[in-house]
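Visitor: I would like a close look at one part of this model, the largest pocket: how much space lies in it, and which residues line it? Please also go through the helices around this part and how they pack.

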Amino acid sequence: MIEIENVHKSFGDLDVIKGVSLTVNKGEVVSIIGGSGSGKSTLLMCINGLEVIQQGSIRVDGTEVHNKATDLNRLRQKIGIVFQQWNAFPHLTVLENVMLAPRKVLGQSRAEAEEVAVRQLTHVGLADKLKVFPGKLSGGQQQRMAIARALAMSPDYMLFDEATSALDPQLVGEVLDTMRMLAEDGMTMVLVTHEISFAREVSDRVAFFRNGLVHEIGTPEQVLVSPQYAETADFLKSVL
C-alpha cells in the first residue's frame with residue numbers, strides 16, 4: 001500500500017501541501033480532484049520521490065520514500081507515473097521508446113524488452129503502431145504510448161497526473177478507456193483528474209483537495225453526489 005502521513009511540501013515561502021494524510025490500498029483506485037494550486041500534482045511527485053518533502057512520511061510497501069538510504073531508482077520501478085505531456089524520444093519508434101527503460105533500468109535483453117513492449121503496446125491498442133515515430137501519432141495515441149511505457153516496467157502502482165488535460169476533447173475518450181481497462185485489471189491507481197464523471201465511474205474513493213489539504217474524502221457517491229462540505233459542492237458546480 002501507499003501510506004502518506006502528515007506530509008508537508010513547500011517551494012520557498014509557498015506552502016503547497018500542508019499536512020496531507022492518505023492511504024491507498026492494493027487494488028484501489030483513488031481519484032484526487034480540486035482546483036489549481038491545491039497540491040494535487042505535487043503530491044504525486046512526492047509519492048514518486050521526484051519532489052522532496054519537508055515534513056511527514058510517505059511509505060510504499062513499507063519503504064520510506066524520502067529516507068536517504070532508500071534506492072529511489074529501484075523504488076520507482078514499482079511506481080509508474082504518467083504526466084500531462086508524454087515526453088517521448090522523437091528519434092525512436094514507438095516500440096523503441098517502450099523498450100528503452102526495461103533495457104537500461106532492468107537490464108533486460110533486447111528480445112525480452114521487445115516482448116514486453118509489444119505486449120504492453122498491444123494492451124493499450126497500439127499493436128499497429130510499433131514501427132511508427134511518436135510525431136506521427138495523435139495526442140491520444142502518444143499518451144497511450146506513455147502508459148505502455150510505464151507498464152513495461154511492471155509497476156505495482158500507477159500515478160496519473162491529469163493524463164488527458166493536454167488532449168483535444170475528441171481524443172480524451174481513448175485514453176480514459178485505457179485507464180478504465182487498467183482499473184478493471186486491478187491496477188492500484190492514484191489519479192489526479194478533472195474528468196469528474198470518469199472519477200465517479202472508476203474510483204473506489206475520491207479526495208477533494210483544497211488549500212493543500214484533503215478537504216473531503218469518501219466514496220464517489222459521497223463526495224461527488226452528496227458532498228458534506230459547501231466548498232466541495234461549490235467546486236463541483238464550477239467544473240460540471
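Guide: What follows describes the largest pocket, then the packing of three helices, and then the largest cavity.

The model is a predicted one, and every value below is computed from it. The largest pocket holds about 610 Å³ of space, and of the 24 residues that line this pocket, those closest to its centre are Ile-81, Ala-101, Arg-149, Ala-150 and Met-153. By class, the lining of the largest pocket consists of 14 nonpolar, eight polar and two charged residues. Four elements each supply at least two residues of that lining, namely α2 (72–76), β6 (79–82), α3 (94–104) and α5 (139–151). In terms of domains, at least three lining residues come from domain 1 (1–78 + 161–239), and at least three come from domain 2 (87–155).

Two of the elements that contribute to the lining, α3 and α5, can now be considered as a helix pair. In general, two packed helices are described by the angle between their axes and the distance between the axes. For α3 and α5, the axes come within 8 Å and cross at roughly 30 degrees; because angles under 35 degrees count as roughly parallel, α3 and α5 are roughly parallel to each other. The crossing of this pair is right-handed.

Helix α4 (residues 110–123) brings in two further pairs, one with α5 and one with α3. The axes of α4 and α5 come within 9 Å and cross at roughly 135 degrees, and α4 and α5 are therefore oblique to each other. Here too the handedness can be given, since α4 passes α5 in a right-handed crossing. As for α3 and α4, their axes lie 8 Å apart and the two helices pack at an angle of about 125 degrees, which makes α3 oblique to α4; α3 passes α4 in a right-handed crossing.

The largest pocket can be set beside the enclosed space in the model. A search of the whole structure finds one cavity of 30 Å³ or more, and about 40 Å³ of space lies in the largest cavity. The residues lining the largest cavity are Glu-162, Ala-163, Thr-164, Leu-176, Met-179, Val-192, Thr-193, His-194 and Glu-195, and by class they comprise four nonpolar, three polar and two charged residues.

Definitions and conventions
Residues numbered from 1 in each chain as written. Predicted model: local features only at pLDDT ≥ 70, side-chain atom pairs only at ≥ 80, totals over all residues. Heavy atoms only, no water. 1 Å grid on protein atoms, 1.4 Å probe; cavity = no way out; pocket = protein on both sides within 12 Å on 5 of 7 lines; lining within 4 Å. Points joined across faces, edges and corners; volume = space filled by probe spheres on them. Nonpolar A, V, L, I, M, F, W, Y, C, P; charged D, E, K, R; others polar. Domains from an automatic or database assignment. Axes fitted to C-alpha atoms, helices over the stretch in contact; angles between N-to-C directions. Parallel < 35°, antiparallel > 145°, perpendicular 65-115°, else oblique. Left-handed = near helix turned anticlockwise from the far one by under 90°.
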